[in-house]
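Before accepting the labels attached to a model, it is worth asking what each of them rests on. The exchange below takes several such labels in turn.

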Amino acid sequence: MDRATFACSTAFYRDHNSSSQGAFCLPGGHVDFIDKVDSFTYSDFFRDYLIPNHPCIFSAKFTEDWGSRRNWVTWDGKPDFDYLLQKFGEAVVPVANCDVKEYNSNPKEQLPFKEYVKYWKEYIRNGYRSSRGCLYLKDWHLSRAFPEQDVYTTPVYFSSDWLNEYWDAIAVDDYRFVYMGPKGSWTPFHADVFRSYSWSANICGRKKWLLYPAGQEEYLKDCHGNLPFDVTAPTLQDKSVYPRYNQSQPPVEIVQEAGEIVFIPSGWHHQVYNLEDTISINHNWVNGCNVAIMWCFLQDELAAVQREINEWKDPMDDWHLQCQLIMKSCTGIDYKEFYNFLKVIAENRISVLENGLDDEASAKNTPKAAISTLGMLHAVFDLKRTVKVLTSLSANEDFKKLDLTSLSPPPEALLHHLKAAIDTALL
């Protein structure tokens, strides 16, 4: 990122904090289409879409050199089942039944990939009908299971990816997924994990997206405060059930073609349909532009847990710890892990700022190499965002009630190191 763009972006972020994003509305529902690979820079994306939290669509030119687009698709644009079976036939994959509602999602089961492909072929032959329902392969960690496969390369615009940087570092999980499903498969109304950004690239097929800017979901809640399963359901018109639905804006609608990438802003709820037999690559990601939104989300989640079990506060000696455990079981993270998340991100950037990159690190696809690619000013921006959130976390009463002796370094020491690294870098 060049210095002028960095200065402009940091000023924008200072004047437009996360609380203003709920009021954002795209004029006329317009979503920008990015067509030219050579002239669209990371700085353009950072300034025009990441910071203001705007959606956009990247043309198929941005994915045309991916191995999956060359090898996973037949000449007429359909999934190449033979090739996929050859490469992944013995894998076991998560499959959701789109015809069954379980809470506010679809029930999942684990199936051999070859069984799912057999089902899919029969589903097509039977006119897209089956007694088993409409099955959708979702959230498959294919890249983690088959790292040697030439599937895709993450575009530079999405390379500042703290979620996957952290979960790769602790070797526990990742937020990189493959989705495969027949025409008619769909994903119910939701916002992405931790209110992260997401990007989704169609390898083949077409999708329809219904997007609601952050904050609009409040008008879609029912009289009990629950979000709808399906925002197209006629029951939303019933004012006795959904009293504020008529105050909501119409969704922003996107039809995504084969090869195109959709960028979904932080906190935007959405519902997605496969208009054809479709395969897509999807990432969830957080960075310095939306980490404050993630922190607000975690505070809201903890508050919801505390309200739910408030009656047990007095008789339970470890009530605050139990709240953290429940939050982690529901969201995947608690306050202490969030501290460790910020620490890993900060220390990677401090290391690059203080020590630079050695030849071995720069030659590999590592977090430090990605930091170096985006530039030192971007690393400073990341550290400044981390300082702001870490300062808030350290002052949080629920955080202070936890046993923090296991945190190394202690929050005060990490903050001091962060501020010193920023000061040194800006000299």
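The questions that follow concern a predicted model, and each answer sets a value against its cut-off.

Q: What is the mean pLDDT of the protein, and where is the pLDDT below 50?
A: The mean pLDDT is 91, and 91% of the residues reach 70 or more. Over residues 1-25, however, the pLDDT is below 50, although this stretch has 40 contacts in the model beyond near neighbours in sequence.

Q: Why is glutamine 324 called buried?
A: The relative accessible area of glutamine 324 is 3%, and buried means under 20%, so the residue falls within that class. Glutamine 324 is placed in helix α9, which spans residues 319-331.

Q: Which residues are in contact with glutamine 324, once its neighbours within four places in sequence are left aside?
A: Glutamine 324 is in contact with Leu302, Asp334, Tyr335 and Leu402. For one of these, tyrosine 335, the backbone nitrogen lies 2.9 Å from a polar atom of the glutamine 324 side chain, a distance to set against the limit of 3.5 Å for a polar contact.

Q: Why does serine 130 count as partly exposed?
A: Its relative accessibility is 30%, and the class of partly exposed residues lies between the limits of 20% and 50%, so serine 130 belongs there. Serine 130 sits in the loop between α5 (113-125) and β5 (135-140).

Q: What lies around serine 130 in space?
A: Leaving aside neighbours within four places in sequence, serine 130 is in contact with Tyr119 and Tyr123. A polar atom of the serine 130 side chain is 3.0 Å from the backbone nitrogen of arginine 132. Between serine 130 and tryptophan 120, which are 10 residues apart in sequence, the C-alpha to C-alpha distance is 9.5 Å.

Q: What makes strand β13 mostly covered, and which way do its residues point?
A: Eight of the eight residues of β13 (residues 278-285) are buried. Thr278, Ser280, Asn282 and Asn284 point one way from the strand, while Ile279, Ile281, His283 and Trp285 point the other way, and all are buried.

Q: How do you know that β6 and β8 pair with β13?
A: Pairing requires at least two bridges; β6 (residues 176-181) is joined to β13 by six, in an antiparallel arrangement, and β8 (residues 197-204) pairs with β13 over seven bridges, also in the antiparallel sense. Within β13, isoleucine 281 stands opposite valine 178, and asparagine 284 is the bridge partner of serine 198.

Q: Why is the largest nonpolar core said to lie between the domains?
A: The largest nonpolar core has 110 residues, and those with the most contacts inside it are Phe45, Phe58, Trp72, Trp140, Phe338 and Phe341. Helix α10 (residues 335-355) gives the largest share, nine residues. Both domain 1 (30-213 + 249-285) and domain 2 (290-426) contribute residues, so the core lies between them. Another core, of 11 residues, lies apart from it and includes Val31, Ile57, Leu211 and Trp268.

Q: How many residues of each domain are in contact with the other, and what separates the centres of the domains?
A: In domain 1, 20 residues are in contact with 23 residues of domain 2, and the centres of the two domains, taken over C-alpha atoms, are separated by 28 Å.

Note on methods:
Residues numbered from 1 in each chain as written. Predicted model: local features only at pLDDT ≥ 70, side-chain atom pairs only at ≥ 80, totals over all residues. Heavy atoms only, no water. Helix = DSSP H or I, 4+ residues; strand = E, 2+ residues; numbered from the N terminus. Buried < 20%, exposed > 50% of the residue type's maximum accessible area, 1.4 Å probe, protein only. Polar contact = N/O pair within 3.5 Å; in protein donor to acceptor, adjacent residues only side chain to side chain. Contact = heavy atoms within 4.5 Å. Core = buried A, V, L, I, M, F, W, Y, C linked by side-chain atoms within 4.5 Å. Domains from an automatic or database assignment. pLDDT = per-residue confidence, 0-100.
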